[in-house]
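Okay, thanks for coming, everyone. Let me put the structure up, and then I'll walk you through a helix, a pocket and a patch.

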Amino acid sequence: MLGWPFSVDVSDAKETSVTGEKPRDMVCRLARLKAETVYKRNVDSWVVGADTTVAINDEILGKPGNLRDAERMISTLSGKTHSVFTGVALFSPASGSIVKAEETRVRFRDLSDEEVRGYVSLGESMDKAGAYAIQEKGALLVSEITGCYFNVVGLPIYLLSDMFSKLGFPLTEQWRLK
């Protein structure tokens, strides 16, 4: 969307949970861990790591393990407001690192059991935190959003841009990237 050149280097970090950890703390820890492992292989590059989760009443809803789990998640979110948290870690080749989190509040419409099963049968659920994709047909689940839409998609662009600025790569230079 922004036209920024990038390459993907998948982290081999183990994404383990910590008992009692708050969602915001978890996504920040995992984003840092992912970025750190990649940065060690690419010390002359800018490295971004991110982790997203959905939480309702501090219950973390990661990626569903199976279709039944996806249906459970969508049913849990039906008619309620939940939070989407994304932790972003940015490592600079010259200026250190920053880790921050973005929270967006999302309200789902009330869904019947048939609608829950119908959505999950579309196949969008399995690799998404909270079992839905707001950028796809899951947009029809959402009645209201408060905060950054891009955060719900998985990468809060404003936050990342601000982090780049803080580490010495200003907005005026970000616009020039091709």
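So, which residues of helix α5 are buried? Before I answer, keep in mind that this is a predicted model. Right, α5 runs over residues 157-166, and its buried residues are Leu159, Leu160, Ser161, Met163 and Phe164. The general helix rule helps when you look at that list: with 3.6 residues a turn, residues three or four places apart point the same way. And what do those buried residues of α5 pack against? Three strands, β1 (47-56), β3 (81-92) and β4 (96-108), plus the helix α6 (171-174). Just past the end of α5 you'll find Gly168, with a positive phi of about 100 degrees.

Now, the pocket. The largest one comes out at about 1200 Å³, and 31 residues line it. Nearest its centre are Phe6, Ser7, Val8, Val48 and Leu155. As for elements, α1, β1, α4 and α5 each give two or more residues to that lining. The largest share, four residues, is from β1, and β1 is also one of the strands that the buried side of α5 packs against.

Last stop, the surface. There's a nonpolar patch made of Met1, Leu2, Ile145, Tyr149, Phe150 and Val153, with about 560 Å² of accessible area together. Helix α4, residues 149-153, supplies the largest share of it, three residues. Met1 sits in the segment before α1 (23-39). Is Met1 buried or exposed? Exposed, because its relative accessible area is 78%, and the cut-off for exposed is over 50%.

Conventions. Residues are numbered from 1 along each chain as its sequence is written. This is a predicted model: local features need pLDDT of at least 70, side-chain atom pairs count only at pLDDT 80 or more; totals for chains, interfaces and linings use all residues. Side-chain values use heavy atoms; hydrogens and water are left out. Patches are made of residues with over 30% relative accessible area and no salt bridge: like charges are joined within 9 Å, nonpolar side chains (Val, Leu, Ile, Met, Phe, Trp, Tyr) within 5 Å. Accessible areas come from the Shrake-Rupley method with a 1.4 Å probe; for residues, only the protein chains shown count as cover. A salt bridge is a side-chain nitrogen of Lys or Arg within 4 Å of a carboxyl oxygen of Asp or Glu. Buried means under 20% relative accessible area, exposed over 50%, partly exposed in between (1.4 Å probe, protein chains only). Contact means heavy atoms within 4.5 Å. On a 1 Å grid over the protein atoms alone, a cavity is a set of points where a 1.4 Å probe fits but cannot get out, and a pocket is an open set with protein on both sides within 12 Å along at least five of seven lines; lining residues have an atom within 4 Å of a point. Grid points are joined across faces, edges and corners, and a volume is the space filled by probe spheres set on the points.
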